[in-house]
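Hi,

Here is the structure I promised to pass on. Have a look at it first, then read my notes below.

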Amino acid sequence: MARRRMLQAFEAAKEIGNYPDVPVMPIDVDPQITLSRNWERQPFYLVFEEDTLIALMSGKAKVRLRDTNVNHWPLIPGDHVYVPAGTPHRLEPEEESVLIRFIGNDPAYRAAVFACEQCGEELDRLEWRQDLEVEATALYAELVRRFNDDLEARSCSRCGAVAEEISLDALGWLPEPAAD
């Protein structure tokens, strides 16, 4: 995966889509900084094994948290949010936003938590070990496909609501067409 240079972060952000978490520092830098440009709400909450820090560079958004006494944190350019290890969180852009995230460089535990939009109950949790060399959006698209294909996982045991399928197209997470 090609690395980006931070001095050109806004130019690089023009080339990327929702939640790619593109590493921008040399591979041996720890913690690593990743770049993301987002305009759609993240379809699941992310859980990191390590602490993470999110910094908004442009736009307006909020970070929604689960399992904490803070429900959400509004962000404007220059704001930072510290997310403790193990805390499910997702980004909800209010307008197109560019952000950077500071995370550990070593392969680590990650989880995607899908929650009921009606009552907040956890619907499904998919776990993996992520290496920064793996393209995040390809991984995220596969998680969403699994969730979309599992009606039981999308059905809330508390309130009975069924989560709608998540549009990979809206997120820009469709696979690249095969080359001829």
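Let's start with Arg-41, which is partly exposed, at 37% relative accessibility. Keep in mind that this is a predicted model. Arg-41 forms a salt bridge with Glu-117, and the closest N and O atoms of the two are 3.2 Å apart. This pair joins distant parts of the chain, as the residues are 76 apart. Arg-41 sits in the loop between strand E2 (32-38) and strand E3 (45-48), while Glu-117 sits in the loop between strand E10 (108-115) and strand E11 (122-130). Is Glu-117 buried, exposed or partly exposed? With a relative accessible area of 49%, Glu-117 counts as partly exposed, because the label "exposed" needs a value over 50%.

The two also belong to something bigger than a pair: Arg-41, Arg-64, Arg-90, Glu-92 and Glu-117 are linked in a network of salt bridges. The count for the structure is 14 salt bridges.

Here are two others to find on your screen. Glu-142 forms a salt bridge with Arg-146, with 3.3 Å between the closest N and O atoms. Why are they about one helical turn apart? Because both are in helix H2 (residues 136-149), four residues from each other. Glu-142 is partly exposed, with a relative accessible area of 33%.

The other one is Glu-165 with Arg-154, where the closest N and O atoms are 3.9 Å apart. Both residues are in the loop between H2 and helix H3 (168-171), eleven residues apart. The partners end up with opposite labels: Glu-165 is exposed at 53% relative accessibility, whereas Arg-154 is buried at 10%. Arg-154 gets that label because buried means under 20%.

Now for the strands. In which order do the five strands of the open sheet come? The order is E1-E2-E9-E4-E7, and the pairing is antiparallel. At the edges you'll find strand E1 (22-23) and strand E7 (80-83), each of which pairs on one side only. As a reminder, strands of a sheet pair through backbone hydrogen bonds, either parallel or antiparallel. For a good example in this sheet, look at strand E4 (residues 52-58) and strand E9 (residues 97-103), which pair in the antiparallel sense over five bridges. There, Ile-54 stands opposite Arg-101 in E9.

Hold on to Arg-101, as we'll meet it again in the cavities. How many cavities of 30 Å³ or more does the structure hold? There are two.

The largest cavity has about 70 Å³ of space. Arg-101 is one of its lining residues, and the others are Asp-21, Phe-48, Ile-103, Arg-110, Gln-130, Leu-132, Val-134 and Tyr-140. Sorted by class, that lining has five nonpolar, one polar and three charged residues.

The second largest cavity has about 40 Å³ of space. Its lining is made of Tyr-19, Asp-21, Ser-36, Asn-38, Leu-91, Leu-99 and Arg-101. E2 and E9 are the elements that give two or more residues to this lining. By class, the residues split into three nonpolar, two polar and two charged.

If you compare the two linings, you'll see Asp-21 and Arg-101 in both. So what should you look at in the viewer? I'd begin with the salt-bridge network around Arg-41 and Glu-117, then follow E9 in the sheet and finish at the cavities.

Cheers

Technical notes. Residues numbered from 1 in each chain as written. Predicted model: local features only at pLDDT ≥ 70, side-chain atom pairs only at ≥ 80, totals over all residues. Heavy atoms only, no water. Salt bridge = Lys/Arg side-chain N within 4 Å of Asp/Glu carboxyl O. Buried < 20%, exposed > 50% of the residue type's maximum accessible area, 1.4 Å probe, protein only. Pairing = 2+ DSSP bridges. 1 Å grid on protein atoms, 1.4 Å probe; cavity = no way out; pocket = protein on both sides within 12 Å on 5 of 7 lines; lining within 4 Å. Points joined across faces, edges and corners; volume = space filled by probe spheres on them. Nonpolar A, V, L, I, M, F, W, Y, C, P; charged D, E, K, R; others polar.
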